[in-house]
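The exercises below are meant to be worked through with the model open, each task being followed by a solution in steps.

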Amino acid sequence: MTEELPLFPLQTVLFPGGLLSLKVFEARYLDLASTCLREKRPFGVVALRKGQEVRRSGQDEPGAVVLEDVGVMAEILELDGAQPGILQLRCRGLRRFRIERTRQRADGLWIGEVEILPDDEPIVPAEAVHETVRGLANAIASLKGKGVEPFEAPYRFDDAGWVANRWCEILPIPLAAKQRLMELPDARVRLALVDEFLRGQGVVK
């Protein structure tokens, strides 16, 4: 089964359970945010494989864009409209979806016909990656010590998918690599790849 979902293309990869801050100023996305908030429904965040979707100052058209095939639904947690014509959004990632086809409305908003993908099964991390789990706990403590709250509580260190996703959000890896990790249907494989990367970088032993 497929359903229609308004899309917000970005130069970032959102993960299920992740937090995303957005500064919205284009009319199509201001309308999107207002509608989603009013109707209590999500929109889709999808990474750009090619092109720049949002118009720049002095640029008439953003140029040809290519969207990734898999994105993540997002719900709006907070909205700040203190600045006229600008909304600051704080969003949370929900479920992954696969885009079957897209169309663009007259106002430029992308609409996707999407298939909702299964959530990660809650799986306890294997003993072999326990150092990577501890490493994430240490990274969170370090960030909190600097006044940064990168993740939403509760922290689920007993869930391989949650641990893998949170590491993927903070690792300095290319956008395309984050996209491929997000798409992986097996949380154990995703966490194993993160563990391999961290060991290769000497972050965990």
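**Exercise 1. Helix α1 and the residue after it**

What should the 13 residues of helix α1 (residues 27–39) span at 1.5 Å a residue, and how far apart are its end C-alpha atoms? State also which residues of α1 are buried and what they pack against, and describe the backbone at Lys40.

*Solution.* The coordinates come from a predicted model. Because the expected span is 1.5 Å times one less than the number of residues, the 13 residues of α1 should cover 18 Å, and the end C-alpha atoms are indeed 18 Å apart, so the two values agree.

Next, taking buried to mean under 20% relative accessible area, the buried residues of α1 are Arg28, Tyr29, Leu30, Leu32, Ala33, Thr35 and Cys36. These residues pack against the strands β1 (3–10), β2, β3 (43–50), β5 (70–80) and β6.

Finally, Lys40 follows just after α1, in the loop that leads from α1 to β3. Although Lys40 is not a glycine, its phi is positive, at about 55°. Lys40 counts as exposed because its relative accessibility is 75%, where the cut-off is over 50%.

**Exercise 2. The nonpolar cores**

Identify the residues with the most contacts inside the largest nonpolar core, and list the contacts of Leu89 beyond its sequence neighbours.

*Solution.* The largest nonpolar core has 46 residues, and those with the most contacts inside it are Phe8, Leu22, Val24, Phe43, Leu89, Cys91 and Trp167. The element that gives the most to this core is α3, with six residues.

Turning to Leu89, and leaving aside neighbours within four places in sequence, one finds contacts with Leu20, Ser21, Leu22, Val24, Ala33, Ile76, Glu78 and Leu79. Ala33, one of these partners, is also among the buried residues of α1.

A second core, separate from the largest, is made up of eleven residues, including Leu48, Leu67, Trp110 and Val114.

**Exercise 3. Helix α3 and the loop before it**

How many of the eleven residues of α3 are buried, and which helices are included in what covers them? Characterise as well the peptide bond from Ala153 to Pro154.

*Solution.* Nine of the eleven residues of α3 are buried, so that the helix is mostly covered. The buried set consists of Ala160, Gly161, Trp162, Val163, Ala164, Asn165, Arg166, Trp167 and Cys168, and its covering includes α2, α4 and α5 (187–200).

Pro154 lies in the loop between α2 (130–145) and α3, and the peptide bond that joins Ala153 to Pro154 is cis, with omega near 5°.

**Exercise 4. Two pockets**

Describe the largest pocket and the second largest pocket by volume and by the classes of their lining residues.

*Solution.* The largest pocket has a volume of about 320 Å³. It is lined by 18 residues, of which Pro16, Gly17, Arg156, Trp162 and Arg166 are the closest to its centre. Two elements, β6 (87–104) and α3 (160–170), each give two or more residues to this lining, and the largest share, four residues, comes from α3. By class, the lining holds six nonpolar, four polar and eight charged residues.

The second largest pocket encloses about 180 Å³, and the residues lining it include Thr12, Phe15, Leu20, Phe151, Glu169 and Lys178. Here β2 (19–24), α3 and α4 (175–183) are the elements that give two or more residues, and the classes are nine nonpolar, one polar and two charged.

Notes:
Residues are numbered from 1 along each chain as its sequence is written. This is a predicted model: local features need pLDDT of at least 70, side-chain atom pairs count only at pLDDT 80 or more; totals for chains, interfaces and linings use all residues. Side-chain values use heavy atoms; hydrogens and water are left out. On a 1 Å grid over the protein atoms alone, a cavity is a set of points where a 1.4 Å probe fits but cannot get out, and a pocket is an open set with protein on both sides within 12 Å along at least five of seven lines; lining residues have an atom within 4 Å of a point. Grid points are joined across faces, edges and corners, and a volume is the space filled by probe spheres set on the points. Ala, Val, Leu, Ile, Met, Phe, Trp, Tyr, Cys and Pro count as nonpolar, Asp, Glu, Lys and Arg as charged, and the others, Gly among them, as polar. Buried means under 20% relative accessible area, exposed over 50%, partly exposed in between (1.4 Å probe, protein chains only). Contact means heavy atoms within 4.5 Å. A nonpolar core is a set of buried Ala, Val, Leu, Ile, Met, Phe, Trp, Tyr and Cys residues joined through side-chain atoms within 4.5 Å.
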